Structure formats: structure tokens, C-alpha cells
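Visitor: I would like to learn how to read a structure like this one, feature by feature. Could you walk me through it?

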Amino acid sequence: MENTMKMLRTLAAATFLLGLTIYLATEAITAAAWKSPRYSYANNWISDLGSATSGVFQGRELDSPLHVVMNSGFIVQGILFGIATALLSRTISGRRTFTAVTGVVTMIGYILVGTFHGSLQAQQNGTLPLHFTGATLAIVGGNVLALVLGTHWRKTPETRLIGLVSIVVGAFGLVSVVALFLTFNAGLPSGAIERGSVYTIVIWQLAVAIALLRNQANSGTPRVAATSSSRGN
């Protein structure tokens, strides 16, 4: 049984790491290919990289020649995130159902973002709401998962550090979402604000993967788990 748990933890960590690596790589590659005008990490939204059409959308100039790469990154990240959280849910005490379900919700969000793009064409053909629904599910789902599991893990000495990290990144991500909506069209660097809500998910994936692998190496029995007094779902 313990060997099975070790394998599940290792697979969860590896899947989280693979997902974030592919996501960041596809974003960097797609942004680098955007030449006219040059892509701005501060002002352009991440989803601008996935737009299949060129033109002005919400005041931003879109022209992403490698949009297929970015959209593939969204979808792969979503699928791997869903798999990783499903594996993680089998290794923890408490919040198992919540972890698995929220992971699936986040996965669906990423897949919707990669399938339905944010562009003027999407606004005209009626698919833009699907894009924004996907973005909401992915961003809110990922950050809420980090925050809830963080408050859960914080109760146990062995997992207090990863719990605190999860709380910080999850809370920051959710605050960034609110800030993005409140400052929309206010002339602020909306791309940077949006990244404050997306990169927190990537940071959380990395932190959880490191916690799983480090504890595995130190003791062979990592405890990304909850206190015995709160083992329910």
C-alpha cells in the first residue's frame, strides 16, 4: 500500500511539473513569435496569444502567428492539472472530493480557453462567453483550490509550510482577479494584473510538486495531508 502511495505522489509531482513547464514554454514561444506589434507581457492578456484572428480587440492589437501553440499549451496544462489533482486527491487525508472536483473544474476551464478564443471574431460569432467562462473556471478554480488546501494543510506541522505558501498564492491570485475586473479599461497594465491571477496557479503547482518530492526523498512518506480532526471531504 505504501509503495502505491509513493508512486501516486511521485506521479502527481511529475504531472504538475510537466504541466507548468509546457504551459510556460508555449507562452514564451508564442509571445516571441509575435512581431508586429511586439507582444507586451504588461499590457496584453495571456489569451491574446491564442487569438486565431488579427485585429483590435478591447483596445489591444492582436496578431499571434503561433496561436495554435498557445492554445495547445492551455489544453495540455488543463488536462495535466486535472490528472495531477486527481492523483493528489488519492494521497491526502481530507478534502479529497473537493480536490478532485475542483481540479476537474479547473481543467475544463483551461480546455475552454484553448478551444474558444478571445477575439473580435469570437465576439461576433457568439463564442466569447465560452472563452470568458473557461477563464473564470480555470483562474478561480485553481486559486480557490490552493487557498482551501492551504488552510487545510496549515493545521498539521508536517505540512504547515506548503499550507502557508498555498494560502498566500491562492489569496493573491483571487485578489488579482478582483483587481482585474475593477480596473478594466482604467489604463493600468491589465496583462500584468491578469498574470497575477494565473501565475499563482503555476507557482502553486511547483510548490506542491517540490513538497511531494522533498518529503519523499527525506522520509519516503510525504504528508501533504490534513489533521486527524478534519479528515472529511
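Visitor: Let me start with one residue. In which helix does Gly196 lie?

Guide: Keep in mind that this is a predicted model. Gly196 belongs to helix α7.

Visitor: Is Gly196 buried or exposed?

Guide: The idea is to compare relative accessible area with a cut-off, and buried means under 20%. Gly196 has 13% relative accessibility, so it counts as buried. Apart from residues within four places in sequence, Gly196 makes contact with Phe172, Gly173 and Ser176. For a sense of distance, the C-alpha atoms of Gly196 and Ala122 are 25 Å apart, with their positions 74 residues apart along the chain.

Visitor: Let me try another one. Where is His131 found?

Guide: His131 is part of helix α5. Its relative accessible area is 3%, so His131 is buried too.

Visitor: Which residues does His131 touch?

Guide: Setting aside residues up to four places away in sequence, His131 touches Ser47, Val113, Phe116, His117 and Gly118. A C-alpha distance adds to that picture: His131 and Ile111 are 20 residues apart along the chain, and their C-alpha atoms are separated by 9.5 Å.

Visitor: Now for the interior. How many residues does the largest nonpolar core have?

Guide: The largest nonpolar core has 44 residues, and those with the most contacts inside it are Phe16, Leu88, Trp153, Trp204 and Val208. At least two residues of this core come from each of α1 (2-33), α2 (67-89), α3, α5, α6 and α7. Helix α7 supplies the largest share, 9 residues.

Visitor: What does Val208 touch?

Guide: Leaving out residues up to four places away in sequence, Val208 touches Phe16, Leu88, Trp153 and Ile162.

Visitor: And the empty space: how much lies in the largest pocket?

Guide: The general idea is that rolling a probe the size of a water molecule over the atoms shows where empty space is left. Here, the largest pocket holds about 370 Å³ of space. Its lining has 23 residues, and the closest to the pocket's centre are Trp45, Ala135, Thr136, Ile139 and Glu194. The elements that give two or more residues to this lining are α3 (96-115), α5 (128-153), α6 (160-182) and α7 (190-219). Helix α5 gives the most, with 7 residues.

Visitor: How does the lining of the largest pocket divide by class?

Guide: There are 17 nonpolar, 5 polar and 1 charged residues in that lining.

Visitor: What about the second largest pocket: how much space lies there?

Guide: The second largest pocket contains about 210 Å³. It is lined by 13 residues, and Asn43, Gln58, Arg60, Leu188 and Ser190 are the closest to its centre. By class, this lining has 4 nonpolar, 8 polar and 1 charged residues.

Visitor: Before I use the model, what is the mean pLDDT of the protein chain?

Guide: The mean pLDDT is 89, and 92% of the residues reach 70 or more. Over residues 225-233, however, the pLDDT is below 50, and this stretch has 23 contacts in the model beyond near neighbours in sequence.

Definitions and conventions. Residues numbered from 1 in each chain as written. Predicted model: local features only at pLDDT ≥ 70, side-chain atom pairs only at ≥ 80, totals over all residues. Heavy atoms only, no water. 1 Å grid on protein atoms, 1.4 Å probe; cavity = no way out; pocket = protein on both sides within 12 Å on 5 of 7 lines; lining within 4 Å. Points joined across faces, edges and corners; volume = space filled by probe spheres on them. Helix = DSSP H or I, 4+ residues; strand = E, 2+ residues; numbered from the N terminus. Nonpolar A, V, L, I, M, F, W, Y, C, P; charged D, E, K, R; others polar. Buried < 20%, exposed > 50% of the residue type's maximum accessible area, 1.4 Å probe, protein only. Contact = heavy atoms within 4.5 Å. pLDDT = per-residue confidence, 0-100. Core = buried A, V, L, I, M, F, W, Y, C linked by side-chain atoms within 4.5 Å.
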